[in-house]
Amino acid sequence: SPEQAQGRVGDEGSDIYALACIAFRMIAGETPFYSEDVFDLLRQHINEQPPRLSELAPAWEIPDQLDRLIDSMLSKDPKERPQ
């Protein structure tokens, strides 16, 4: 999660972020962020917005509710993630 990448303690919000990363990979076949360099990967988790599933594969017709749920679970701010 972005907070853990910044050295803060993880909590339930971090688990929600991790679950979203796993679900993203299961649905899209790739992770929301990728880099060969671990520091660049951490920077992406901290600073960059992930692609929405619907943008990544529009032909898959991702349900809007699922798209919004994964997007909210990947929020940079743990308080904005679903509980």
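The exercises below, each with a worked solution, concern a predicted model.

**Exercise 1. The nonpolar core**

Determine which residues of the largest nonpolar core touch the most other members, and which helix supplies the largest share of this core.

Solution.
Step 1. The largest nonpolar core holds 13 residues, and those that touch the most other members are Y17, F24, L53, I70, M73 and L74.
Step 2. At least two residues of this core come from helix 2, and at least two from helix 5.
Step 3. Helix 2 gives the largest share of the core, namely seven residues.
Step 4. One of the residues named in Step 1, M73, can be followed further: leaving aside residues up to four places away in sequence, M73 touches I16, Y17, L19, A20, R81 and P82.

**Exercise 2. Two residues of helix 2**

Establish whether S14 is buried or exposed, and then find the surface patch to which I22 belongs.

Solution.
Step 1. S14 is part of helix 2.
Step 2. The relative accessible area of S14 is 3%. A residue counts as buried when this value is under 20%, so S14 is buried.
Step 3. When residues up to four places away in sequence are left out, the contacts of S14 are S1, E3, Q4 and R81.
Step 4. I22 is likewise placed in helix 2, which covers residues 12-28.
Step 5. Together with L19, M26, I27 and W60, I22 makes a nonpolar surface patch of about 530 Å².

**Exercise 3. A salt bridge within helix 3**

Explain why R43 and D40 are separated by about one helical turn, and describe how their side chains meet.

Solution.
Step 1. Both residues belong to helix 3 and stand three residues apart; therefore about one helical turn separates R43 from D40.
Step 2. The two side chains form a salt bridge, with an N to O distance of 2.6 Å.
Step 3. R43 has a relative accessible area of 34% and is partly exposed. D40 is also partly exposed, at 24%.
Step 4. The pair belongs to a network of salt bridges that links D40, R43 and E48.
Step 5. D40 has a further contact through its backbone: the backbone nitrogen of D40 lies 2.9 Å from a polar atom of the D37 side chain.
Step 6. D37 is located in the loop between helix 2 and helix 3, and its relative accessible area of 40% makes D37 partly exposed.

**Exercise 4. Salt bridges that involve helix 5**

State how many salt bridges the structure holds, and examine the pairs D67 with R52 and D64 with R68.

Solution.
Step 1. The structure contains five salt bridges.
Step 2. In one of them, the side chains of D67 and R52 meet at 3.4 Å, N to O.
Step 3. D67 is in helix 5 (residues 64-73), whereas R52 is in the loop between helix 3 and helix 4 (53-56), so this pair ties together parts that are 15 residues apart in sequence.
Step 4. D67 is buried, with a relative accessibility of 3%, while R52 is partly exposed, at 24%.
Step 5. In another salt bridge, the side chains of D64 and R68 meet at 2.4 Å, N to O.
Step 6. D64 and R68 both belong to helix 5 and are four residues apart, about one turn of the helix.
Step 7. Each of these two residues is partly exposed: D64 has a relative accessibility of 46%, and R68 has a relative accessible area of 44%.

**Exercise 5. The loop between helix 4 and helix 5**

Describe the phi angle of E61, and decide for E61 and for A57 whether the residue is buried or exposed.

Solution.
Step 1. E61 is situated in the loop between helix 4 and helix 5.
Step 2. Most residues other than glycine have a negative phi.
Step 3. E61 is not glycine, yet its phi is positive, near 55°.
Step 4. The relative accessibility of E61 is 67%. The exposed class begins over 50%, so E61 counts as exposed.
Step 5. A57 also lies in the loop between helix 4 and helix 5. With a relative accessible area of 9%, A57 is buried.
Step 6. Finally, A57 may be compared in position with G13: the two residues are 44 residues apart along the chain, and 27 Å separates their C-alpha atoms.

Notes: Residues numbered from 1 in each chain as written. Predicted model: local features only at pLDDT ≥ 70, side-chain atom pairs only at ≥ 80, totals over all residues. Heavy atoms only, no water. Patch = residues over 30% accessible without salt bridge, like charges linked within 9 Å, V, L, I, M, F, W, Y side chains within 5 Å. Areas by Shrake-Rupley, 256 points an atom, 1.4 Å probe, with all protein chains shown as cover. Salt bridge = Lys/Arg side-chain N within 4 Å of Asp/Glu carboxyl O. Buried < 20%, exposed > 50% of the residue type's maximum accessible area, 1.4 Å probe, protein only. Contact = heavy atoms within 4.5 Å. Polar contact = N/O pair within 3.5 Å; in protein donor to acceptor, adjacent residues only side chain to side chain. Core = buried A, V, L, I, M, F, W, Y, C linked by side-chain atoms within 4.5 Å.
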